[in-house]
Amino acid sequence: MQNEDSEAFRRKGDLGIPVVIALFALSIIIGWVVFRSYENSSKEITSSLAKIQEESSSLTIFGCADRTMEWFSKCDVMSELCDTTVSRMIKVCLANSDKTAQCSQFGNEIYGYNFGAKQCTAYMKDKKLKPLKKACGDVWQTVAEYCKSATKVTAQKTH
């Protein structure tokens, strides 16, 4: 009796269940591939951060910015991770050796909305360089934040 009831709802050649199983299997495979890609990307970024940390003591602010932009232009891991690592990369470089004395060369420019525009002009001409333009802006805004906080600490010490 029960078989007769279930057969009433099944059509010959019904592929619904095999299609759902195939989609489920495909989603598991895609998820695994994306996870492996993320894992490899994460290892590469960690290695790059360690490398710039080692080099940071011999770099100036401009050297840190150049090295970060050089890394970004060659970054071949997941693009979202490259984008989000730019500010971390420059922060690691700036924080691992005292570069606060170099901030005086920027004067009050660091408080301006367009700080970094001069340094990023090379990336503003070509639309193909839009990711580099954004990364450059992120680099120099991070430098501005670093110098603003250094100025604030210096002002507190003198009072």
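Which residue caps the N-terminal end of H3? In this predicted model, select threonine 60 together with phenylalanine 62: threonine 60 is the cap, with a side-chain oxygen 3.3 Å from the backbone nitrogen of phenylalanine 62.

Next, display H3 as a whole. Its 14 residues should span 20 Å at 1.5 Å a residue, and the end C-alpha atoms are indeed 20 Å apart, which agrees with that expectation. Colouring the helix by accessibility will pick out Ile61, Gly63, Cys64, Ala65, Thr68, Met69, Trp71 and Phe72, which are buried, whereas phenylalanine 62 counts as partly exposed because its relative accessibility is 33%.

Keep phenylalanine 62 selected and turn to the aromatic rings, of which the structure holds five pairs. The rings of phenylalanine 62 and phenylalanine 106 have centres 5.7 Å apart and planes at 50 degrees, so this pair is tilted. Phenylalanine 62 belongs to helix H3 (residues 61–74), while phenylalanine 106 sits in the loop between helix H4 (79–95) and helix H5 (130–158), so the pair ties together parts that are 44 residues apart in sequence.

Now centre the view on phenylalanine 106, which counts as buried because its relative accessibility is 4%. Phenylalanine 106 also forms an aromatic pair with phenylalanine 115, and here the geometry is edge-to-face, at 5.3 Å centre to centre and with 80 degrees between the planes. Phenylalanine 115 is buried as well. Adding Trp140 to the selection completes the view of a cluster in which ring pairs link Phe62, Phe106, Phe115 and Trp140.

From phenylalanine 115, move to the second largest pocket, whose space comes to about 210 Å³. Phe115 is one of its lining residues, and others to select include Tyr113, Asn114, Cys120, Met124, Lys130, Lys133, Lys134 and Gln141. By class, this lining has five nonpolar, four polar and three charged residues.

The last stop is the largest pocket, with about 260 Å³ of space. To locate it, select Ser48, Lys51, Arg67, Glu70 and Trp71, which are the closest to its centre of the 14 residues that line it. Helix H2 (16–55) and H3 each supply at least two residues of this lining, and the largest share, six residues, comes from H2. Colouring the lining by class will show six nonpolar, one polar and seven charged residues. Trp71 brings the tour back to H3, since this residue is among those of the helix that are buried.

Notes: Residues are numbered from 1 along each chain as its sequence is written. This is a predicted model: local features need pLDDT of at least 70, side-chain atom pairs count only at pLDDT 80 or more; totals for chains, interfaces and linings use all residues. Side-chain values use heavy atoms; hydrogens and water are left out. Rings of Phe, Tyr and Trp (its six-membered ring) pair if their centres lie within 6.5 Å; planes under 30 degrees apart count as stacked, over 60 as edge-to-face and the rest as tilted. Helices (H or I, at least four residues) and strands (E, at least two) are DSSP runs, numbered from the N terminus. Buried means under 20% relative accessible area, exposed over 50%, partly exposed in between (1.4 Å probe, protein chains only). The expected span of a helix is 1.5 Å times one less than its number of residues. A polar contact is a pair of N or O atoms within 3.5 Å; within protein, one must be able to donate a hydrogen and the other to accept it, and residues adjacent in sequence count only if both atoms are side-chain atoms. On a 1 Å grid over the protein atoms alone, a cavity is a set of points where a 1.4 Å probe fits but cannot get out, and a pocket is an open set with protein on both sides within 12 Å along at least five of seven lines; lining residues have an atom within 4 Å of a point. Grid points are joined across faces, edges and corners, and a volume is the space filled by probe spheres set on the points. Ala, Val, Leu, Ile, Met, Phe, Trp, Tyr, Cys and Pro count as nonpolar, Asp, Glu, Lys and Arg as charged, and the others, Gly among them, as polar.
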